[in-house]
Amino acid sequence: MLHGLWSPGAGLMLWDDEITTGDEPDLPSAHAQVLTRTFRHRAAVSFPTPGHTAIAKAPVQIPAVALAPHDAADLLLRTPSHHALISGDLRFLAHVTRGIERWVRGGRVVPALKLIDGQWWPRWRLVGGERQRAWLSELAVSMPSVQRANERPRKILDDMVDELTDPIVRSLLGRPDSEHPLLSALVRDDPYSDGTQQISTLLEKWRASLTVDEPSLVLRLLEPDDDEVDGPEVAVAHGIVDESAESMWTLQVCLRADGEAPRPVPMSRKVDATLLSIAVRKLGDAVAAYPRLRDLPSQEGTLDLLLPTSVVIDLVEHGATALQATGTTVLLPRAWTRLDPSMRLRVESPAVTKAAADRAVGMDELVSYDWQLQLGDMVLTEAEMNRLAVSKGDLVRLRGQWVLADGGQLARAAKYVAEHHGDGTALSTLMREMTLADPPPAPVQDIRATGWAATLLEPGAVPEKIPVPDGVNAVLRPYQQRGLDWLAFMSRLGLGAVLADDMGLGKTLQVLTLLAHEQHPKPTLLVAPMSVVGNWQREAAKFTPALRVLVHHGPARAKGDELDREIAQHDLIVTTYALMAKDRAQLSEQTWRRVVLDEAQHIKNAGTVQAKAALAIPAEHKLALTGTPVENRLDELRSILDFANPGMLGRPSDFRKRFSVPIERENDENAVSRLRAITSPFILRRVKTDPTVISDLPEKNEMTVRANLTAEQAALYKAVVDEMMAQIADAKGMKRKGAVLSALTRLKQVCNHPAHFLSDGSSVLKKGQHRSGKIGLVEDMLDSILGDNEKVLLFTQFREFGELVAPYFADRFGAEVPFLHGGVSKTKRDAMVERFQSDDGPPIMMLSLKAGGTGLNLTAANHVVHLDRWWNPAVENQATDRAFRIGQRKNVEVRKLLCVGTVEERIDSMLVSKQGLADLAVGTGESWVTEMDTAELQELFRLSEDAVGE
């Protein structure tokens with residue numbers, strides 16, 4: 001059966017719902033010719049759910065024939081009203097087309113000028129007017145469900161009428177001779193060379209002057225009289241009304257002629273009978289379009305309707321749109337908007353904290369607090385909230401105005417405010433209140449505070465400015481000064497903190513300046529990845545030379561009494577995460593002023609040995625440094641904050657239930673606002689892209705670069721996919737997941753290079769030709785970069801891949817290509833970095849993503865190439881920030897390589913679609929791939945036909 005679908009912007013799409021068998025009745029010749037065409041296009045068709053009238057949400061892409069307006073008009077005018085192979089939807093479109101032809105034959109058309117591709121083209125248009133709008137409204141109601149599934153009915157019909165009127169007029173006019181250039185262009189479908197915007201406007205005005213229409217229907221909603229709804233008691237309480245009283249609203253029926261104001265239609269002998277007839281007819285059409293107006297009482301002596309509040313709410317939210325689609329205008333008393341309630345926390349505290357005398361107090365500092373309920377910008381009084389608590393409606397009268405809001409949520413919020421307040425409450429108790437099973441029922445949008453709590457809790461509050469000590473050899477940038485002020489305030493208060501500045505904004509300098517400012521007799525323990533231990537040592541010697549620094553590292557490190565003596569003689573002890581866990585017992589016995597975790601995402605998993613060791617080491621103050629407080633899941637943020645302020649966010653299971661799941665899976669804005677309210681006082685986050693933070697950083701240009709597979713790579717790729725599909729055919733559970741993850745890793749290796757996948761020690765080239773499309777592409781990039789005397793960082797997640805290509809590039813370009821990976825000792829990696837940063841250092845440096853992705857300063861390079869994609873953009877961005885950081889003077893070019901038509905390209909598109917959640921949680925690494933069903937996996941891993949280069 002032949003179906004039709006009108007698609008605005010695309011025209012008529014024809015599709016066949018089954019393969020022809022040859023036994024069907026003959027179609028009319030026009031349709032038979034259509035079916036001989038190739039179905040080259042795709043139509044998005046939404047079908048009714050089996051057994052239901054509702055349309056399925058996801059459209060199906062079906063092969064289709066697309067017809068231009070001229071061909072579409074010709075075919076539809078010849079479509080029979082009844083034929084066994086013509087569907088109802090196609091007959092509907094033919095009915096519309098024949099209606100257009102009747103308007104044309106009746107002379108209800110005018111010429112117009114349309115600017116297309118820089119030329120003015122004459123086009124025929126229907127005159128328009130009330131009768132034509134009524135005709136279209138009737139068609140919109142009867143439009144088949146398949147046709148209306150993807151667009152509004154009036155939008156489809158307006159587009160169809162606009163496109164088909166011109167070819168229908170031309171088919172009826174033929175091509176009569178005309179000497180006037182405009183008339184000639186109009187009948188011959190040629191551009192009009194003398195066309196201007198002025199002529200186009202004049203034609204449009206002429207068209208408007210030809211419409212002799214009936215007045216249009218206007219329904220004006222009038223609020224109940226104040227005397228009707230406001231009693232003396234209500235007036236005292238600022239006018240909030242319990243809507244259970246069911247105040248009646250008036251929906252006034254008016255007619256409006258063109259250019260005039262709406263006029264009510266009273267039912268009296270003085271009224272023009274024709275106008276009254278028009279009003280009754282149009283009101284009947286409006287009731288048909290919006291049935292909730294049916295059976296409502298009317299105002300005596302008028303056509304006006306009386307509406308209870310429940311109908312008013314539905315009219316505002318839904319009915320007005322349905323009525324406007326029929327040409328009926330709905331006028332509301334004012335520009336109503338739905339006001340969502342929000343919560344405001346008010347905290348009172350003394351100006352001087354108890355922690356000033358006892359630094360160990362921290363989260364036990366006492367405050368007084370209460371909650372307030374806001375509606376829009378209005379903070380509600382207790383009397384107003386009392387009335388809201390018993391309100392049953394969604395439309396309330398507030399301070400002389402009618403406000404649309406969720407009555408149930410308002411009542412719950414009012415009840416919460418009445419039940420939650422405290423005097424002399426520990427700060428930790430207040431923070432925990434928002435993590436409980438009974439959280440605030442509305443988003444927490446604002447926090448107001450007095451005393452020391454104002455500096456901690458109020459957004460934008462400025463702590464006391466701390467002068468930079470004389471012993472610091474640096475001029476702090478403004479945002480670094482603010483960071484120092486904040487760190488000193490949190491330290492003075494005894495509250496753990498997370499300095500989450502973007503990579504390269506100088507977290508190291510801010511912490512060193514804090515230590516120089518405090519000059520505390522007790523030492524600070526700083527834990528960092530081994531790759532940046534040397535950086536801390538160098539930065540301390542450069543910026544704070546008076547600070548006594550001890551690096552606790554290596555097999556010959558001090559232990560026992562010797563370690564105790566050395567710790568007592570130094571201000572800053574720097575060690576690694578591995579040694580913190582290994583030497584946990586002795587480190588826990590020390591008296592630390594502060595424990596600082598650099599790259600604190602190393603404790604993102606609370607159950608690891610490192611995370612447990614960090615929690616076990618006592619200190620007066622705890623500070624976490626990280627450029628990525630959330631890499632994959634919100635649980636990581638909980639783990640880091642639990643180190644800074646133990647117990648603040650509750651147990652992992654509770655946090656997951658109340659925050660992780662609602663935010664990551666459901667995008668729960670209420671949960672987001674609560675989490676921000678709880679965590680923001682303890683996290684300072686600045687990003688490089690904010691011009692108020694840093695204005696002299698050059699631009700970062702990121703691009704995805706696609707490479708084709710070679711024939712050898714394509715064959716290996718297909719073999720891996722076939723093997724995996726065979727393995728998972730009957731596999732379940734961990735065995736199936738293991739097979740999927742193994743295939744994913746091997747496909748990445750194939751995309752990199754056949755020798756990487758085969759691990760056979762074979763060469764990069766074969767008979768002088770590249771075996772990998774990626775390496776050939778990278779070689780061209782490096783040729784250009786080195787030709788401009790610039791430097792580049794090459795990142796890979798595979799050490800064996802780096803060991804394969806680093807020697808090749810060194811030989812190809814006659815330059816040293818150092819490779820920094822997890823097996824390089826601290827001494828050697830420090831030397832590598834220093835050598836690369838020097839003016840005469842190597843132009844290319846290769847790094848493994850994990851070992852070289854954090855903590856390093858490699859601003860000598862202004863090009864970054866990610867040879868193979870990591871499925872977590874946050875990790876890639878950390879690696880990129882080795883070059884894009886303070887000290888970089890050139891624009892940074894970032895290229896992310898992937899192979900066309902492979903799993904790399906498909907997962908890249910998935911990550912882009914999920915980027916909206918990246919600020920909180922990007923995903924769960926690669927494990928989500930294992931949850932796909934077999935058909936989804938086959939599509940994900942499928943090798944496209946265009947994957948192989950020529």
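**A sheet strand and its surroundings**

I would like to begin in the middle of the chain, with strand 20, where T524, L526 and A528 point one way and L525 and V527 point the other way, and all of them are buried. Please keep in mind throughout that what we are looking at is a predicted model. With five of its five residues buried, strand 20 is largely enclosed by the rest of the structure.

What does strand 20, residues 524-528, pair with? On one hand there is strand 22, residues 572-576, which runs parallel to strand 20 and is joined to it by five bridges; on the other there is strand 23, residues 592-597, which also pairs with strand 20 in the parallel sense, over four bridges. If you would like to follow this residue by residue, L526 has V574 as its bridge partner in strand 22 and V596 as its bridge partner in strand 23, while L525 stands opposite V595 in strand 23.

Stepping back from the single strand, these pairings belong to an open sheet of seven strands, ordered 21-22-20-23-24-19-25, with parallel pairing. The edges of that sheet are strand 21, at 549-551, and strand 25, at 683-684, each of which pairs on one side only. Packed on the sheet is helix 24, residues 634-644, which touches strand 19 (497-499), strand 23, strand 24 (619-625) and strand 25, and whose direction makes about 155 degrees with that of strand 24.

Let me move on to the helices that follow in sequence. Two packed helices are described by the angle between their axes and the distance between the axes. For helix 25, residues 652-666, and helix 26, residues 669-679, the axes come within 9 Å and cross at roughly 120 degrees, which means that helix 25 is oblique to helix 26. The crossing of these two helices, 25 and 26, is left-handed. On the side of helix 25 the contact is made by F655, R658, F659, P662 and I663, and on the side of helix 26 by A671, V672, R674, L675 and I678.

How many of the eleven residues of helix 26 are buried? The count is nine, and helix 26 is accordingly described as mostly covered; the buried residues are N670, A671, V672, S673, R674, L675, A677, I678 and T679. These buried residues of helix 26 pack against helix 15 (427-433), strand 18 (444-449), helix 24, helix 25 and strand 25, and strand 25, as I mentioned, is an edge strand of the open sheet.

For contrast in location, let me turn to Q119, which lies in strand 6, residues 119-126. Is Q119 buried or partly exposed? Its relative accessibility is 39%, and because the partly exposed class runs from 20% to 50%, Q119 falls into that class. Leaving aside residues up to four places away in sequence, Q119 touches K114 and P191, and its C-alpha atom is separated by 7.4 Å from that of Y192, a residue 73 positions away along the chain.

I will finish with the chain as a whole. The protein chain has 950 residues, of which 53% count as buried, and its secondary structure comes to 36 helices and 33 strands. Among contacts with a separation of 6 or more, 73% are accounted for by residues 24 or more positions apart. The accessible surface comes to about 43600 Å², and 51% of that surface belongs to carbon and sulfur atoms.

Technical notes. Residues are numbered from 1 along each chain as its sequence is written. This is a predicted model: local features need pLDDT of at least 70, side-chain atom pairs count only at pLDDT 80 or more; totals for chains, interfaces and linings use all residues. Side-chain values use heavy atoms; hydrogens and water are left out. Buried means under 20% relative accessible area, exposed over 50%, partly exposed in between (1.4 Å probe, protein chains only). Contact means heavy atoms within 4.5 Å. Accessible areas come from the Shrake-Rupley method with a 1.4 Å probe; for residues, only the protein chains shown count as cover. Two strands pair if DSSP finds at least two bridges between them. Axes are lines fitted to C-alpha atoms, for helices over the stretch in contact, and angles run from 0 to 180 degrees between N-to-C directions. Angles under 35 degrees count as roughly parallel, over 145 as roughly antiparallel, 65 to 115 as roughly perpendicular and the rest as oblique. A crossing is left-handed if the near helix is turned anticlockwise from the far one by less than a right angle, and right-handed if clockwise.
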